[in-house]
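Subject: Structure handover

Hello,

Here is the structure I promised to pass on. Please open it alongside this message.

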Amino acid sequence: MIDRLSPPDRAKLMSAYHAMQFVEDEMRLGLGTGSTAAWLVKLLGAEKHVFGLEIQCVATSTQTQELAERVGLRMISLDQAGWLDLVIDGTDEFDPLLSLIKGGGGALLQEKIVATASDRMVVIADPSKEVDRLGAFPLPVEIVRFGSEVTKGLIEDKLAGFDVATRRTHWREKAGKRLITDEGHYILDLNLGEIRDVDTIASGLLEIPGVVETGLFLDIADTVVMGVASGEARLIFSDDPEMLVDISDTDHFDALMAHLAETGELQ
Ligand SMILES: O=C[C@H](O)[C@H](O)[C@H](O)COP(=O)(O)O
């Protein structure tokens, strides 16, 4: 059934499927944003419908909220939840220390707020996201609209002092206009090529008043679940040896896939 999906999509689906082993009944769960997190949301909807999973979820974007409502998940706000047991989210890059670049979908601010209000963050990623050093993916920086050109100039001045491979910046756009995030801000993408000192860059950028947040997630994630198209996944822990897992219960997997196919969500 999943043969119709492209290999990258199968890998994302497998990442999300294997990450569901961390989800338990009665949990308050944060749902990430992006194409990998969308598979998780659909699978959780299927798990609820087919096997009666009972969880309360908090979305990290309007996009995720809409999808989660569509597949029938019980949604609450972060303030209603107060605190979360777990957040599962995608990433644009992760390094061997499980530092991340996130925000390729523009949701970095809400994602970081949710991840910070959670006991644990598990990242779901296809193999293209694994890097030795962060920075090939442009680093998203969320900035307030007031004085945005001045803030951009201050960021560029600051970049001159950073140990990076390149220093180009560009506004994130959508349909020819600057993208506005769910929180009403702009995103400036920083092409850094390779970041040699993530802590200095993260703290340096946050010193600029117009900068709201950066896409660097440092010391937040403790596990990465990296699925591959054939069905297995590598579980990479920040404090443990890695594990390789395969689908142990194919009936369970097939039942979820059948539900997604029936409801038109297997795409
Ligand atoms: O703002 C978006 C998020 O940080 C996403 O989790 C990230 O961009 C990864 O997205 P995808 O799973 O589509 O590659």
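Below are my notes on the domains, the sheets and the ligand site.

One point before the details: this is a predicted model.

Domains

The domain assignment splits the protein in two. Domain 1 is made of two stretches, 2-129 and 219-262. Domain 2 covers 139-214. Their C-alpha centres are 27 Å apart. The two domains touch, with 12 residues from domain 1 and 12 residues from domain 2 in the contact. On the domain 1 side, helix α5 (residues 108-116) gives the largest share, 4 residues. That side consists of 4 nonpolar, 7 polar and 1 charged residues. Keep α5 in mind, as this helix comes up again below.

The eight-stranded sheet

One open sheet has 8 strands with mixed pairing. The order is β3-β2-β1-β4-β7-β15-β16-β17. β3 and β17 (243-245) are the edge strands, and each pairs on one side only.

Start with strand β1 (residues 28-31). β1 runs parallel to strand β2 (residues 56-59), and 4 bridges join the pair. If you want a landmark here, G30 has V58 of β2 as its bridge partner. β1 also pairs in the parallel sense with strand β4 (residues 86-89), over 3 bridges. There, L29 sits opposite L86 in β4.

Now move to the β3 edge. Strand β3 (residues 74-75) is parallel to β2 and is joined to β2 by 2 bridges. C57 faces M75 of β3 across this pairing.

Two crossovers link these strands. β1, helix α2 (residues 35-51) and β2 form a β-α-β unit, and its hand is right-handed. From β2 the chain goes through helix α3 (residues 62-70) to β3, again as a right-handed β-α-β crossover.

Helices on this sheet

Two helices are worth tracing. α3 lies across β1, β2 and β3. The angle between α3 and β2 is about 150°. α5 lies across β1, β2, β4 and β7 (121-125). α5 runs at about 150° to β4. So much for the first sheet.

The three-stranded sheet

Another open sheet has 3 strands, in the order β5-β6-β14. Its pairing is antiparallel. The edge strands are β5 (93-94) and β14 (216-217), each pairing on one side only. β5 and strand β6 (residues 100-101) run antiparallel and share 2 bridges. In that pair, E93 has I101 of β6 as its bridge partner.

The ligand site

Which residues come nearest to the ligand? They are G34, T36, G90, G104 and G105, out of 18 residues around the ligand. By class, the shell has 3 nonpolar, 11 polar and 4 charged residues. α2 and α5 each supply at least two residues of the shell. α2 gives the most, with 3 residues.

Both helices have appeared already. α2 belongs to the right-handed unit with β1 and β2. α5 gives the largest share of the domain 1 side that touches domain 2, and α5 also lies across four named strands, β1, β2, β4 and β7.

A route through the model

For a quick tour, try these stops:

- G30 in its pairing with V58 of β2.
- C57 and its opposite, M75 in β3.
- E93 and its bridge partner I101 in β6.
- G34 and T36, among the residues that come nearest to the ligand.
- α5, where this helix lies across β4 at about 150°.

Best wishes

Key. Residues are numbered from 1 along each chain as its sequence is written. This is a predicted model: local features need pLDDT of at least 70, side-chain atom pairs count only at pLDDT 80 or more; totals for chains, interfaces and linings use all residues. Domain bounds come from an automatic or database domain assignment. Two residues are in contact if their C-beta atoms, placed from the backbone, lie within 7 Å. Ala, Val, Leu, Ile, Met, Phe, Trp, Tyr, Cys and Pro count as nonpolar, Asp, Glu, Lys and Arg as charged, and the others, Gly among them, as polar. Two strands pair if DSSP finds at least two bridges between them. A crossover is right-handed if, with the strands pointing away from the viewer, the path from the first strand over the helix to the second runs clockwise. A residue is near a molecule or strand if its C-beta atom, placed from the backbone, lies within 6 Å of it. Axes are lines fitted to C-alpha atoms, for helices over the stretch in contact, and angles run from 0 to 180 degrees between N-to-C directions.
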